[in-house]
Amino acid sequence: MKLRRLIGFNLLTAVILGVIGFYVGWWLGTLFKGPSIDYLGDTQQNDVSLFIGYFTGVLGFLVGLGFANYPVQRMLGKPASLRAKETEGKARYFGLCTDHKVVGIQYLIGIGAFIFIGGLNAMLIRYELITPNQHAWNGNNYLTLVGLHGTMMMGMMTSGILGPFANYLVPIMIGARRMAFPRIEALTFWLLMAAGAILMTAIAFGGFPTGWTGYAPLIDQANMGVDAYIAFFAIVGLSMCLLGLNMVATVITMRAPGMTWGRLPIFVWGQFSTAILMLLAPPVLISTLLMVMLDRTAQTGFFNDQIGGSSYLYENLFWFFGHPEVYILALPGMGILLEILPVFTRKPLWGYKLAVSGLMGIALLSWLVWQHHLFMSGINADLRPFYMLSTELISLPTGFIFICALGTLWAGRIRLTSPMLFCLAWLFNFLIGGLSGVFLSDVPSDVTTHGSFFSMAHFHYTIMGALLFSFFGGIYFWLPKMTGIKLNERLAKAHFWVMFIAFNSTFGPLLVIGFLGMPRRAVTYAGYLQGANTWVSVSAFFLGGSMLIFLFNFVWSLVFVREPAGDNPWNSKSIEWQLPSPVPVHNFDRIPTFGPDPYPYGHAGSDAIPPRPAVAPTRHTQ
Amino acid sequence: MSSSAAAGNRRTHALRIAALTVIATAIALPLVIFVLGPNMPPGKDTTAGVSQVFDNTVLLVVMTPFTMFILIFILYTVLAFRVRPGDDDQRDGAPIRGHMPSQIAWLATTTAAVLFLAIFGSAELLASNGSGGGEGPKPIAKPSGSAFQVQVIGQQWEFTYRYPSYGGVETAQLVLPVGQEIEFHVTSLDAVHSFWAYELGVKADANPGVDNVAFVKVKKQGTFQIRCAELCGLWHGYMFDTGRVVSQSQFATWIAGQQKTFAGSQQYLPKYSLTYTPDPQDRAG
């Protein structure tokens with residue numbers, strides 16, 4: 001019976017239990033609700049029920065997936081397996097699976113879907129901004145779109161590279177068969193999916209007007225829709241934190257014989273430095289959101305200055321998390337960039353140690369700069385020179401990344417494949433992003449640019465222009481390895497050129513529009529900016545359209561054409577390309593031993609690709 | 001190709017890149033200083049504006065050579081070293097793993113630029129005219145001499161203004177006397193707003209319970225736009241206004257008129273103070 005196969009611990013059960021859990025939680029919440037808690041008193045809003053509903057819903061979802069099986073079986077004294085579904089077959093993609101490669105592909109599809117939704121929101125925002133006056137959405141819907149776009153992208157893209165690529169590749173690159181905590185690895189993915197679904201329910205509860213930053217006291221005052229934002233970000237924070245923990249533990253403890261720190265591929269360094277930030281930054285976010293949750297339900301007043309709190313406290317805490325967060329978005333892309341460049345220049349990475357210190361330097365400095373988001377807020381004005389200095393200091397390690405990329409291009413044999421094009425675009429976009437950042441870091445200059453479209457365009461250059469470009473570079477580069485199937489290169493290049501040109505034609509003018517005095521998140525703007533804004537909107541639609549080229553390519557190549565990619569279509573010398581495509585369930589027959597050089601290009605007399613890595617007697621019997 | 005010939009070739013390439021960078025910078029710098037710079041925002045009608053235009057120009061000047069070098073390097077290497085159709089695309093490039101002199105040179109140049117930017121920015125900030133940004137209740141960068149105080153109150157979703165030297169009269173319009181040092185005191189009654197007077201070169205967040213001070217001296221009569229630059233809820237997009245800068249005598253007439261108009265309602269206002277504590281607010285969109 002086919003129907004019987006739907007019964008069990010899988011996505012279907014999880015969704016059903018998730019919905020049931022939500023309603024059970026909602027009912028529980030109504031028992032708590034009383035006049036003493038509903039301090040605002042003037043509404044029919046029931047935040048207590050909603051919060052409890054969200055969390056019981058997530059709990060039901062996880063139980064449905066089978067996360068409770070292992071602990072329950074152990075408690076009952078029955079034999080239990082830590083591993084789940086480490087086999088072949090399609091069913092493993094629709095449930096709890098502890099194979100790091102399956103989780104990687106799950107992440108790719110799951111995050112991809114939410115990024116697509118976030119992108120659609122951006123299209124709707126740009127549709128409104130075609131004219132200076134409000135014409136498409138009402139004020140609340142517009143702000144909800146802005147908030148959903150920002151929150152969805154910030155929440156999902158933080159794991160946008162660590163989720164799919166690092167989960168898939170890091171164990172292979174360090175010669176391990178799995179991540180350090182395979183069940184936690186699966187948990188991070190499913191938490192993220194549950195969070196994404198929660199954020200979408202904001203629409204059902206009236207949307208939220210706070211943007212992705214959720215400044216207090218606006219967030220205390222906002223209606224019930226903002227609870228979805230709070231629950232979403234708290235759960236995403238948990239997922240990020242666990243993902244970071246898992247990645248740090250894996251890189252520290254799971255390296256194969258010979259894989260010393262100085263031999264780690266730079267991609268692994270990129271993910272490792274990010275993972276440290278991911279482990280340390282989100283706890284601040286989670287506790288901040290917990291305080292907001294208490295403010296909204298129990299009138300604790302952490303952030304409400306009329307009852308003893310401070311709006312500055314929220315801003316400080318949010319950006320103390322928020323600034324490492326933006327480097328969580330930047331660093332993994334640098335890892336991809338520096339990993340792909342050697343393959344298509346057929347050269348070793350130039351300045352390996354410099355690149356590593358660049359990555360770690362950025363990770364360290366990212367903790368010291370958060371108050372540059374508050375230059376105009378009046379907070380602690382005598383510290384502004386310090387934050388100006390620390391912010392500008394970040395351009396030093398960032399400069400390391402640039403010089404290493406340039407050095408790798410130097411005297412290489414450059415092949416302009418689609419992943420390489422995305423990497424070159426990364427360099428261009430991040431250059432613009434970094435230079436525009438200098439205006440924001442300089443206090444007198446920041447007076448104009450702060451909170452304007454300039455700062456918005458700046459971080460789109462660094463996040464979309466860098467992270468999303470390296471994300472696509474990574475997809476075109478590694479998808480043949482993950483699936484064993486080639487993507488159409490012609491369509492890939494078409495995608496690249498449309499995306500690159502449309503991206504710059506969207507966000508380049510936005511830098512100027514910001515300089516000319518257009519504030520962020522405003523549904524109206526001054527009439528003299530209409531021409532520029534219409535241009536930007538049309539470009540943005542092309543930018544959105546370029547994603548359709550990608551989707552078409554993805555479906556066409558993977559579902560209909562299915563041209564085998566072979567084990568090593570790019571003639572790379574990295575270890576993942578010496579394995580069969582797709583990589584078999586337990587990665588290696590035997591744990592490999594690594595030689596001294598992660599980038600063995602250009603060795604005298606060895607122009608050919610070396611044989612598969614030498615194998616040592618198996619030490620680990622994982 | 002023998003390796004020494006290849007090295008010689010590479011030297012030629014390096015020299016070409018250096019030459020192109022110098023030429024491009026030499027062309028770009030005058031354009032930046034004389035064409036782009038003076039047109040940088042927010043315009044030169046106020047003291048804060050002048051200092052910001054100067055700052056923006058200096059930043060552009062520092063960035064120009066780096067930008068030129070990186071762009072030219074990428075373009076040149078991609079064109080010069082790319083594998084052409086028919087070439088053997090399996091052959092490896094030169095196994096260069098680093099080059100200490102260039103690494104040190106890069107580190108030295110970028111460090112110098114960064115330190116210059118930080119020192120220059122701090123000096124500008126602490127100089128009395130780098131104070132258009134909100135500095136909180138105890139400003140460290142102050143213009144010398146006495147200043148004319150104007151309070152800006154942000155509330156959902158408009159700005160109102162009080163003039164303490166005229167009995168704390170509250171008006172819905174911002175009118176400023178020309179040629180006078182102005183001391184803005186920005187505060188909020190509810191959410192966080194941001195008072196952004198674009199042409200003045202002033203931006204200061206309006207936080208509830210906080211007095212945020214910014215200074216400016218306007219040199220020219222005219223109008224300027226005011227927008228809220230911090231998301232403050234449903235009608236954030238409509239929180240804008242136009243301010244006017246008028247002569248001293250026009251200002252005196254205007255403020256006298258305002259005092260007369262609002263004399264009746266003045267008694268219902270709270271006494272002028274740097275911050276206000278309204279009742280806890282109800283929920284709104």
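The following questions and answers concern a predicted model and some features of its chains A and B.

Residues are numbered from 1 along each chain as its sequence is written, while chains are lettered from A and ligands numbered from 1 in the order in which they are written. In this predicted model, local features need pLDDT of at least 70 and side-chain atom pairs count only at pLDDT 80 or more, whereas totals for chains, interfaces and linings use all residues.

Reader: Which residue does a cis peptide bond join to Ala216(A)?

Author: Most peptide bonds are trans. The bond in question is cis, with omega about 0°. The partner of Ala216(A) lies in the loop between helix H7 (182–200) and helix H8 (218–221) of chain A, helices being DSSP runs of H or I with at least four residues, numbered from the N terminus. That partner is Pro217(A).

Reader: What is omega for the peptide bond from Ser581(A) to Pro582(A)?

Author: Pro582(A) lies in the segment after helix H20 (530–561) of chain A. The bond that leads to Pro582(A) from Ser581(A) is cis, and its omega is near -15°.

Reader: Is Arg346(A) buried or exposed?

Author: Arg346(A) sits in the loop between H12 and helix H13 (352–365) of chain A, and its phi is positive, near 50°. A residue is buried if 20 or more other C-beta atoms, placed from the backbone, lie within 10 Å of its own, exposed if 12 or fewer, and partly exposed in between. Because Arg346(A) has 25 C-beta neighbours inside 10 Å, it counts as buried.

Reader: How many residues does H12(A) give to the largest nonpolar core?

Author: A nonpolar core is a set of buried Ala, Val, Leu, Ile, Met, Phe, Trp, Tyr and Cys residues joined through C-beta atoms within 7 Å. The largest such core has 266 residues, and Phe232(A) and Cys404(A) are among those with the most contacts inside it. The largest share of this core comes from H12(A), with 20 residues.

Reader: How many residues of domain 2 of chain B are in contact with domain 1 of chain B?

Author: An automatic or database domain assignment supplies the bounds, and it divides chain B into domain 1 (3–82 + 108–126) and domain 2 (148–266). The domain centres, taken over C-alpha atoms, are separated by 39 Å. Two residues are in contact if their C-beta atoms, placed from the backbone, lie within 7 Å. On this basis, 8 residues of domain 1 of chain B meet residues of domain 2 of chain B, and the latter number 10.

Conventions. Helix = DSSP H or I, 4+ residues; strand = E, 2+ residues; numbered from the N terminus.
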